[in-house]
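Reader: Could you walk me through this model and show me where its labels come from? I would like to see each value set beside its cut-off.

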Amino acid sequence: MVLFPSIVNLERSIVQQVRFWPAILFDLGLMFAVGIFMGIMFYDRKYRGPILSGFGIGTSTVPCPAELMDIFPPACFLYRVPLDDPIPSVASLTTLAVSLGAITSSIRVFGNEEAVFMREHQVGCSTEAYYIGKSLGHLPLITIAPLIFWYSFAALAPIEGSWTEHYALLMLVYFTASGIAYFVSLIVPKSLAQLCGVMTVLSLMTFSGANPTLKLLKENKLLPNILFYPSYASYLRWAQEMHYLIEAKNIAGTEGPMELIYGYYPSDALDCW
């Protein structure tokens with residue numbers, strides 16, 4: 001029977017968090033401060049479409065004239081490339097900030113209790129109940145931390161997409177990064193766990209498609225396509241693409257540049273979630 005031991009471990013996890021409330025408060029305060037700082041960075045930075053978009057040119061339905069492409073290819077950027085597109089930067093920095101916050105917070109969930117876990121396992125206590133109880137006890141922080149971050153960030157930065165969808169996305173990012181932290185804390189010595197967790201997230205960020213973009217990863221001259229395949233294993237790739245798609249739904253004229261530059265397509269939304 002796993003239910004009763006899981007409840008016992010859940011209660012113990014909650015008591016531990018209440019006892020060490022300064023650490024929890026620090027985690028939440030850090031998310032708030034980072035959200036405010038990033039909101040200031042992107043304050044009043046809005047998407048500005050291609051220079052000719054005001055004339056109905058620059059969307060996916062108006063291709064660059066073949067004659068112009070033959071004579072002077074760079075001029076075609078006037079048709080397709082936006083003057084200012086802060087969405088990829090916002091997507092990469094918000095998902096990275098939430099991921100690193102989750103790593104630093106979640107390393108403690110199992111990493112600090114290896115001796116307790118081994119002692120209880122040796123006397124026959126359920127390891128499944130221990131995991132379920134501790135994980136459920138961490139759920140409130142997984143829910144609240146990205147909420148605080150997104151609230152503080154969106155209060156300053158111009159956000160066009162659904163507030164709820166963005167929050168749900170960041171909560172999933174925090175949840176995923178927490179799982180990485182759990183795993184790292186169990187296989188790496190405690191003194192190296194934080195470093196390994198951060199390096200894991202940064203490694204996944206390399207293949208997220210923010211910079212270099214997915215198209216550049218695929219068209220790499222030295223290792224064509226090879227660098228693109230690891231992006232499928234990076235949760236940050238899917239999170240950043242979904243962020244862009246959420247924003248693009250409410251910004252006219254983004255579909256063409258989105259597909260041309262970043263390789264994002266509206267049909268990918270279900271895969272991203």
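Author: Happily; here are some labels and the reasoning behind them. Please keep in mind that this is a predicted model.

Reader: What makes up the secondary structure of the chain?

Author: The chain has 13 helices and 0 strands. Of its 273 residues, 42% count as buried.

Reader: Why are α9 and α11 called oblique to each other?

Author: Helix α9 (residues 190-206) and helix α11 (residues 235-248) pack at an angle of about 60°. Roughly parallel needs an angle under 35 degrees, and roughly perpendicular runs from 65 to 115. The angle of about 60° fits neither class, and α9 and α11 are therefore oblique. Their axes are 7 Å apart, and α9 passes α11 in a right-handed crossing.

Reader: Which residues meet where α9 packs on α11?

Author: From α9 come Val-201, Leu-204 and Met-205, and from α11 come Tyr-235, Leu-236 and Gln-240. By class, that contact has 5 nonpolar residues, 1 polar residue and no charged ones.

Reader: How do you know that Asp-27 and Arg-108 meet in a salt bridge?

Author: The cut-off is a side-chain nitrogen of Lys or Arg within 4 Å of a carboxyl oxygen of Asp or Glu. For Asp-27 and Arg-108 the N to O distance is 2.5 Å, so the pair qualifies. Asp-27 lies in helix α2 (residues 21-41) and Arg-108 in helix α5 (residues 87-111), so this salt bridge ties together parts that are 81 residues apart in sequence.

Reader: Why is Asp-27 called buried, while Arg-108 is called partly exposed?

Author: Buried means under 20% relative accessible area, and exposed means over 50%. Asp-27 has 7%, so Asp-27 is buried. Arg-108 has 30%, which falls in between, so Arg-108 is partly exposed.

Reader: What makes Arg-237 and Glu-241 a salt bridge as well?

Author: Their N to O distance is 3.7 Å, and the limit is within 4 Å, so Arg-237 and Glu-241 also qualify. Both residues lie in helix α11, 4 residues apart, about one turn of the helix. The structure holds 2 salt bridges.

Reader: And are Arg-237 and Glu-241 buried or exposed?

Author: Arg-237 has a relative accessible area of 6%, so Arg-237 is buried. Glu-241 is buried too, because its relative accessible area is 0%. The cut-off here is again under 20%.

How values were computed:
Residues are numbered from 1 along each chain as its sequence is written. This is a predicted model: local features need pLDDT of at least 70, side-chain atom pairs count only at pLDDT 80 or more; totals for chains, interfaces and linings use all residues. Side-chain values use heavy atoms; hydrogens and water are left out. Axes are lines fitted to C-alpha atoms, for helices over the stretch in contact, and angles run from 0 to 180 degrees between N-to-C directions. Helices (H or I, at least four residues) and strands (E, at least two) are DSSP runs, numbered from the N terminus. Angles under 35 degrees count as roughly parallel, over 145 as roughly antiparallel, 65 to 115 as roughly perpendicular and the rest as oblique. A crossing is left-handed if the near helix is turned anticlockwise from the far one by less than a right angle, and right-handed if clockwise. Contact means heavy atoms within 4.5 Å. Ala, Val, Leu, Ile, Met, Phe, Trp, Tyr, Cys and Pro count as nonpolar, Asp, Glu, Lys and Arg as charged, and the others, Gly among them, as polar. Buried means under 20% relative accessible area, exposed over 50%, partly exposed in between (1.4 Å probe, protein chains only).
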